[in-house]
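Thanks for making the time this morning. I would like to walk through one structure with you, going from the whole chain down to a few single residues.

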Amino acid sequence: MTRIIYPLLIFLMTLFTWSPCTAENGLTKKANPKREAHYEISIMDLDHAMVSYTFEANDSILRMSSAGANQFEKRWATFVSGLSAVSEGGENIDINPLPEGRWSYEAEKGSIIKLSYRVNLDHEKHDWSGGIDGVAYKRDHGVFYSGRSLFVMNGTGSPSITVNFEVPEDWKVSTVWDRIDPGKHRFEVHNYDELSESMIFAGEHEQFLFKREGFELLLALGGKEIIAKKQEYENLASGVLDYYIELMGGVPNPSPQNPFHRALVIINPYEQADGEVIGNSISILESTQADPMAQMMWRFVYAHELFHLWNGKSFFPSDMRCEWFKEGVSNYYTLKALHRVGVLNEESFFALLNGFFYKKYASDPGVGSLSITDGNEKHDHWGLVYSGGLFAGISQDIIIRKATNNELSLDDIMRGLFNDFGGTNQSYTLEDVQNSISSLSGGDQTEFFNTYIVGSRKIPLDKYLNKAGLQAEIEDGQLNVSRRKEESVEEDKMIEGLLGEN
Ligand SMILES: [Zn+2]
């Protein structure tokens, strides 16, 4: 098990740090219009994309995403060439480069401009601190672009945006956006954020769709070795999704301010395993050369990120004090989900709890001095917030199960938050979490919260696991967990519950 710790650590650290009246080739001005924008993207080979962007001038700045590509002076514009613009009347418009991946131009506000440029797909020649998985890359069977790497934009807000792809006839285009015409690669996008915070895979890959009560999970699998194992990927993707829907009592119910009804998972082979999330898109690179246990990493990433569609996007905290609940409790349900679909068995579940999560916790210098509610520290103190939150979640699950003879559990807390806050713009507070746990566990949880959540005392996870009927001890910085030789029916039920089985 220790073999997987280092790559898993690196991997998780990088990860957690995802139209009316529009003419085919232009826009038509209307009375009282909603601002419109249209992109034509031609990807006829693996090396580049040709983009034409027709828009109503809003301000005099053209920009690309402000997220990522920080290592380049020109940011994402490093990969853009041949930028030119013409007015509706066909007159050339001068474009002047500005720092930070922006340009200036002059045009009357509201006038229609057609911008053309080329995006060179050679991002892989450069170093990217978070890996290539959230940037842009090519494989023999197709190309991956993040929206950040592809789109030049004008203005902000929510114009009516359409994106049309021209690709070789046998290619597919997978994105998280709404497809306008089932037979065409033409999509509707609600705003510039949704446009740039996205991922696109175009190529000869296979695409699978899982529809659940108005929610869709799109799975794009590329490359022979990945497609050869498609049944395994399909089972995993749909198994984790169905566990969460059953657990929460419904598909994600996002806030009206940030609506979505689709998530996309793109899996491709690569030399190095990696995973990245942008918006509701998850990019996974799987390395067949990796240790079999190391290949488990992306499964963890997928399950963690998918759970955020509920814990994080359907109900979300009002401030950083609840990051432990958002991230750590998501880790807990990730482990349960992976046990549920058979990626983890009991032994590897507890081995991962010790070998990754406890190890990170025990070696985090913030543990014992900082509170797990210091959510701003989550990147510098991963062990404190992500592992500490997981351990607080397990402990609270055991407290509730013990108090209710296994009738209630942390699952009921999750369902309660989903019911109360899902589909609203209202956020939950630390006090909401404490109050709901107190009411379910039949006892005031102020002491637990004051000591281990708001306070900075180390969570005695071994003590709580023993209460659940497991054999647990902490020795030399290791958390050793196993089943007892004899356990009661109640204890067995509780342990099954911790593993996600009831
Ligand atoms: Zn997360």
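What share of the 502 residues in the protein is buried? Buried residues make up 49% of them, and I should say at once that we are looking at a predicted model. On the confidence side, the average pLDDT of the protein is 91, and 93% of the residues score at least 70. There are, however, stretches to be careful with: over residues 1-11 the pLDDT stays under 50, although the model has 22 contacts beyond four places in sequence for that stretch. Residues 28-32 are also below 50 in pLDDT, and there the model shows three contacts beyond near neighbours in sequence. Where pLDDT is low, the predicted coordinates should not be read in detail.

Turning to overall dimensions, the C-alpha atoms fill a box of roughly 80 × 45 × 40 Å along the principal axes. The radius of gyration is 24 Å, which agrees with the value near 23 Å that a compact globule of 502 residues would have. In secondary structure, the protein comes to 14 helices and 25 strands.

The domain assignment divides the protein into domain 1, made of 11-18 + 25-304, and domain 2, covering 319-498. Their C-alpha centres lie 35 Å apart, and the contact between them takes 21 residues from domain 1 and 20 residues from domain 2. On the side of domain 1 that touches domain 2, the helices α1 (2-16), α5 (230-248) and α6 (296-307) each supply at least two residues, and the largest share, eight residues, comes from α5. By character, the residues on this side of domain 1 divide into twelve nonpolar, eight polar and one charged.

Next, a sheet. Eight strands form an open sheet with mixed pairing, and their order is β7-β6-β10-β4-β3-β14-β17-β16. Since β7 (92-93) and β16 (178-179) stand at the edges with a single partner strand each, one side of each is left without a neighbour in the sheet. For β16, two bridges join the strand to β17 (residues 186-189), and the two run antiparallel; the bridge partner of R179 in β17 is F187.

Now to backbone geometry, and two residues that I would look at together. Most residues other than glycine have a negative phi, and most peptide bonds are trans. A69, however, has a positive phi, near 55 degrees, and is found in the loop between β5 (61-63) and β6 (80-87). N405 has a positive phi as well, near 50 degrees, and is found in the loop between α9 (382-403) and α10 (410-421). Are these two residues buried or exposed? A69 has 24 other C-beta atoms within 10 Å, and is therefore buried, as 20 or more are needed for that class. N405, by contrast, has 10 C-beta neighbours inside 10 Å, and therefore counts as exposed, the limit being 12 or fewer.

Let me finish with Q434, which has its place in helix α11 (residues 430-441). With 19 C-beta neighbours inside 10 Å, Q434 counts as partly exposed, because a buried residue needs 20 or more. Which residues is Q434 in contact with, leaving aside its neighbours within four places in sequence? They are Q445 and F449, and from C-alpha to C-alpha Q434 and Q445 are 6.7 Å apart in space, while being eleven residues apart in sequence.

Terms used. Residues numbered from 1 in each chain as written. Predicted model: local features only at pLDDT ≥ 70, side-chain atom pairs only at ≥ 80, totals over all residues. Pairing = 2+ DSSP bridges. Helix = DSSP H or I, 4+ residues; strand = E, 2+ residues; numbered from the N terminus. Contact = placed C-beta atoms within 7 Å. Domains from an automatic or database assignment. Nonpolar A, V, L, I, M, F, W, Y, C, P; charged D, E, K, R; others polar. pLDDT = per-residue confidence, 0-100. Rg over C-alpha atoms; globule rule 2.2 N^0.38 Å.
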